[in-house]
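Me: I would like to go through the terms used for this structure and ask what each one rests on. Please set each value against its definition.

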Amino acid sequence: MNTVIKAENLYKVYNETKIPVKALNGVNIEINEGEFTAIVGPSGCGKTTLLNIIGGLDHPTEGKVVVANEDIAKMKDGELIDFRLNNIGFVFQAYNLIPVLTTLENVEFIMLLQKQDKVLREKRSMELLEEMGIADKADKRPSELSGGQQQRVAVARALASKPKFILADEPTANLDSKSTENLLDMMAKLNEEENATFVFSTHDQRVIDKAKRIITLEDGVVISDETK
Amino acid sequence: MILKIAWRNVWRSKGRSFVVMGSIVVGIWALLVGSGFMNGFMVGYMNEAINYDISNIQVHHPEFKTDYDINLTIPNGVIKADDLRNWNGVDGVTTRTIVNGMIASPKKASGVQIRGIDKMNEAKVTMLDSLIVEGAYFEGIKRNPIIIGAKLAETLNVKVRSKVVLTFNDKNSNITAGAFRVVGIVKSSSLKINELYAYVLKNDVDKLLGIGDEVHEIALLTAEGVIETDIVAKYNKKYTGDLIQDWKLIAPEMAFMQEMYGSMLYVLMFIILTALIFGIVNTMLMAVLERFKELGMLMAVGMNRLRVFAMILIETLSLAIIASPVGLIISYLTISYYRSVGVDLTNYSDALESFGYASILYPFVAQETYMIVTIGVIFTAFIGAMYPAWKAVKLNPVEALHKI
């Protein structure tokens with residue numbers, strides 16, 4: 001199996017000059033293509049920090065993060081933006097769709113930034129919306145959708161550009177049980193059928209139950225790594 | 001799609017967008033109407049002076065204006081004037097005899113400049129006949145008719161048909177005098193016409209001066225759009241030894257005024273547009289700070305800083321592009337209306353006339369001013385958008401995404 005993410009000796013210290021807080025304290029993980037991984041642990045254990053660093057949103061204080069044979073820890077901010085655009089899909093806790101665009105336009109957005117052809121963009125976006133069961137909402141604005149529907153649009157957007165992996169930070173935190181169930185089923189299906197790689201940070205037991213691999217963090221250190 | 005997002009963002013907070021657009025509309029309106037009124041004052045003042053007094057170009061003996069010596073006439077003045085009448089770009093030519101002297105009524109006396117004029121040609125060049133408020137333009141009195149200004153008539157306490165005596169030095173420096181009868185009274189915003197000039201027929205004054213058919217001044221009215229300096233250059237090429245001057249040299253204070261009013265537009269523009277910049281910065285900064293999380297998400301998913309910057313810039317420019325035509329149309333309508341009916345300032349006519357201004361103001365804005373103001377406003381919006389756009393691109397996506 002191909003390794004998609006390889007993090008070696010990751011350290012992250014906040015407030016280095018005042019009162020240092022160690023968020024990551026020597027994390028080593030490898031995520032392979034097609035995995036459905038949940039990063040779990042108590043609040044403040046470093047889940048979000050780890051996700052931000054492997055997602056190229058933040059720099060580690062020390063260590064290496066290799067994605068697609070490139071050490072993204074060494075990249076500059078401008079390079080990281082381009083790298084994220086072409087390699088990583090994001091699903092946020094608060095959905096974070098663009099409120100002034102329709103569902104279809106939101107899904108198309110990343111492909112547009114990648115300068116993909118309009119016809120291809122629309123085709124791929126509609127396919128994803130159909131897979132997510134919300135094709136009938138293509139011309140609706142996010143404010144006209146339920147939380148669960150908005151999160152499905154966010155997943156479709158994350159998948160649209162066929163990224164190397166998708167990072168989902170607490171994706172079910174704002175959803176009710178039914179929406180959570182539906183969303184997890186959809187993502188599991190995409191993982192099975194399209195071999196999409198998902199990495200979650202979560203507290204949610206339902207997500208943990210669905211995950212095929214569970215990495216547990218505590219005080220910035222990996223304390224267990226189980227594959228079901 | 002960046003354009004689409006920017007455009008839709010403009011209408012996301014309609015109230016705020018309307019406030020910015022409103023301030024742009026008011027800014028443009030204030031700028032153009034203010035400039036129109038300033039131009040109205042200036043053009044009115046200059047038109048009065050050029051049309052009724054100095055005309056576009058004057059020719060004299062080079063030394064004549066130093067002390068108004070009546071023997072310093074233009075050689076072959078009448079022939080030169082006849083020649084000038086046939087020149088392209090010259091709409092009217094008149095000849096004048098000018099002598100300083102005294103005017104006296106039975107009650108009072110006053111110093112005047114006696115202007116001996118050719119009544120037909122003078123009317124073509126200075127439209128003096130249109131300023132008559134009492135009596136007629138050299139009609140009804142055959143012997144020695146005289147036209148004086150309303151203020152001078154008041155000073156002398158004379159009316160139409162009253163008798164006045166003009167006293168001045170003749171060709172041989174002997175004091176000579178002639179009795180004249182007031183045939184008309186003129187009124188103008190020009191201080192000189194109202195108080196200092198006394199118009200008589202050239203033949204009448206020439207006889208008293210004993211200078212024959214000599215000419216002290218040739219005045220030219222040029223056609224619309226003709227550059228006066230071209231006529232001056234042509235004259236100098238053909239005739240040497242005379243002093244020919246356009247209105248800018250005859251009345252340098254008017255040229256200075258024209259220049260000053262021109263710079264006033266830029267001063268006014270600077271003040272209003274600077275105020276507008278602060279309004280735009282404030283509003284757009286609010287728009288950026290309100291959307292911090294959304295902008296963070298855009299950068300997280302791969303929208304680069306240049307695109308974020310462009311998006312904020314387009315949003316601001318869209319506001320300016322929508323508001324500018326509205327401001328221009330409202331300004332155009334306001335100026336057109338007041339240009340046709342005039343702004344009545346007769347309540348202040350005494351004060352205005354003492355400065356040579358007309359009491360009815362006709363605002364006027366040149367076409368290029370509309371263009372300058374539009375470019376100025378768009379440039380202002382561009383400058384105003386810079387700081388909010390910079391603030392947007394400087395945000396840290398991680399911090400922005402976790403902002404509540």
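Reply: The exposure of two residues, a sheet with its helix, and the chain contact are taken in turn below. This is a predicted model, in which local features need pLDDT of at least 70 and side-chain atom pairs count only at pLDDT 80 or more, while totals for chains, interfaces and linings use all residues. Residues are numbered from 1 along each chain as its sequence is written, and chains are lettered from A and ligands numbered from 1 in the order in which they are written.

Me: Why is A:Lys115 called exposed?

Reply: A residue is exposed if 12 or fewer other C-beta atoms lie within 10 Å of its own, buried if 20 or more do, and partly exposed in between, with C-beta atoms placed from the backbone. A:Lys115 has 7 such neighbours and therefore counts as exposed. A:Lys115 sits in the loop between H3 and helix H4 (118-131) of chain A, and has a positive phi of about 60 degrees although it is not a glycine.

Me: What makes B:Asn157 count as exposed?

Reply: B:Asn157 has 11 C-beta neighbours inside 10 Å, so it counts as exposed. Its loop runs between helix H6 (150-156) and strand E6 (163-169) of chain B. B:Asn157 is not a glycine, yet has a positive phi of about 60 degrees.

Me: How do you know that E1(A) and E2(A) pair?

Reply: Strands (E, at least two residues) and helices (H or I, at least four) are DSSP runs, numbered from the N terminus. Two strands pair if DSSP finds at least two bridges between them. Strand E1 (residues 3-14) and strand E2 (residues 21-32) of chain A have 9 bridges, in the antiparallel sense. Among the partners in E2(A) are A:Val27 for A:Leu10 and A:Asn32 for A:Thr3. The hairpin has 6 residues between the strands, and A:Asn15 there takes a positive phi near 55 degrees.

Me: What makes E2 of chain A an edge strand?

Reply: The open sheet has 4 strands in the order E2-E1-E4-E5 (chain A), with antiparallel pairing. E2 and strand E5 (70-71) of chain A each pair on one side only, as edge strands.

Me: Which residues of chain A and chain B count as in contact, and how many are there?

Reply: Contact is given to two residues whose C-beta atoms, placed from the backbone, lie within 7 Å. On that basis 19 residues of chain A are in contact with 18 residues of chain B. Helix H2 (77-87) and helix H3 (103-113) are the elements that give two or more residues to the chain A side.
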